[in-house]
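Welcome! Let us take a short walk through this structure, from its surface to its core.

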Amino acid sequence: MRPCSKNRKRIAWLALDALDVQETKDLRAHLETCEGCRRYLEEISNLTERLIAAETEPDLQPSESFHQRVVGRLRAEESGSFSETVARLQAMLLNWRVVLPVIGATAAVIAAWSVFGPRPGVPLPAPTGVQAVLTPNLKHDPDPTISNYQMVANRSLEEFDDLLTRQGNRNPPPTPLYTASTLPRANASD
């Protein structure tokens, strides 16, 4: 049987006697009912005992030169990694095979931007197509038709109010007055 996955770490700590009293009590209560966890504790306890029983040989001491070589290589690796990266970058940037294409591409982008890019103060061309048909000409008010009024009102009620106010304040063109005397007589010749 396998031990419970949630108890594996706690069992290892129990074998090392690293749990507090309450956790030890709770885990021992669980061990009485779970055979998998109990076997795992036996295995871990045997391994712990073997590791504690194994003695290291105290007569093996690294020499001072070994210590100096290890420290020297670590320092060289630490500082060498940054300096090597910088050296590679400098070599790459100073290589004319890399620099010339980069300069050429940069010049081409700048030239294209100066020729085709937007110019300050120059108005953009009016959009064409469907939007041009839907966009009213803002230089003059649209003709006073129901469809034009609906279009303006759909955009903004405030704009519609301004349009009606402007159209109401301007002087209408003189219209001919029709009276009975000015109408042609259709029946007079009969």
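In this predicted model, a good place to begin is a nonpolar patch to which helix H4 (64–94) and helix H5 (96–116) each supply at least two residues. The patch is formed on the surface by Leu89, Met92, Leu93, Val98 and Val102, and together these residues have about 420 Å² of accessible area. H4 gives the most to the patch, with 3 residues. One residue to pick out is Leu89, whose place is in helix H4. Leu89 has a relative accessibility of 46%, so it counts as partly exposed, since that class lies between the buried limit of under 20% and the exposed limit of over 50%.

Now let us move from the patch to the core. The largest nonpolar core has 10 residues: Ile11, Leu14, Leu19, Leu27, Leu31, Cys34, Cys37, Tyr40, Leu41 and Ile44. At least two residues of this core come from each of H1, H2 and helix H3 (35–53). H3 gives the most to this core, with 4 residues. To see some of the contacts, find Ile11: leaving aside residues up to four places away in sequence, Ile11 touches Leu27, Leu31, Cys37, Tyr40 and Leu41.

Our last stop is a loop. Between helix H1 (8–15) and helix H2 (21–33) lies the loop that holds Asp17. Although Asp17 is not a glycine, it has a positive phi of about 60 degrees. Is Asp17 buried or exposed? Asp17 counts as exposed because its relative accessibility is 66%.

Notes
Residues are numbered from 1 along each chain as its sequence is written. This is a predicted model: local features need pLDDT of at least 70, side-chain atom pairs count only at pLDDT 80 or more; totals for chains, interfaces and linings use all residues. Side-chain values use heavy atoms; hydrogens and water are left out. Patches are made of residues with over 30% relative accessible area and no salt bridge: like charges are joined within 9 Å, nonpolar side chains (Val, Leu, Ile, Met, Phe, Trp, Tyr) within 5 Å. Accessible areas come from the Shrake-Rupley method with a 1.4 Å probe; for residues, only the protein chains shown count as cover. A salt bridge is a side-chain nitrogen of Lys or Arg within 4 Å of a carboxyl oxygen of Asp or Glu. Buried means under 20% relative accessible area, exposed over 50%, partly exposed in between (1.4 Å probe, protein chains only). A nonpolar core is a set of buried Ala, Val, Leu, Ile, Met, Phe, Trp, Tyr and Cys residues joined through side-chain atoms within 4.5 Å. Contact means heavy atoms within 4.5 Å.
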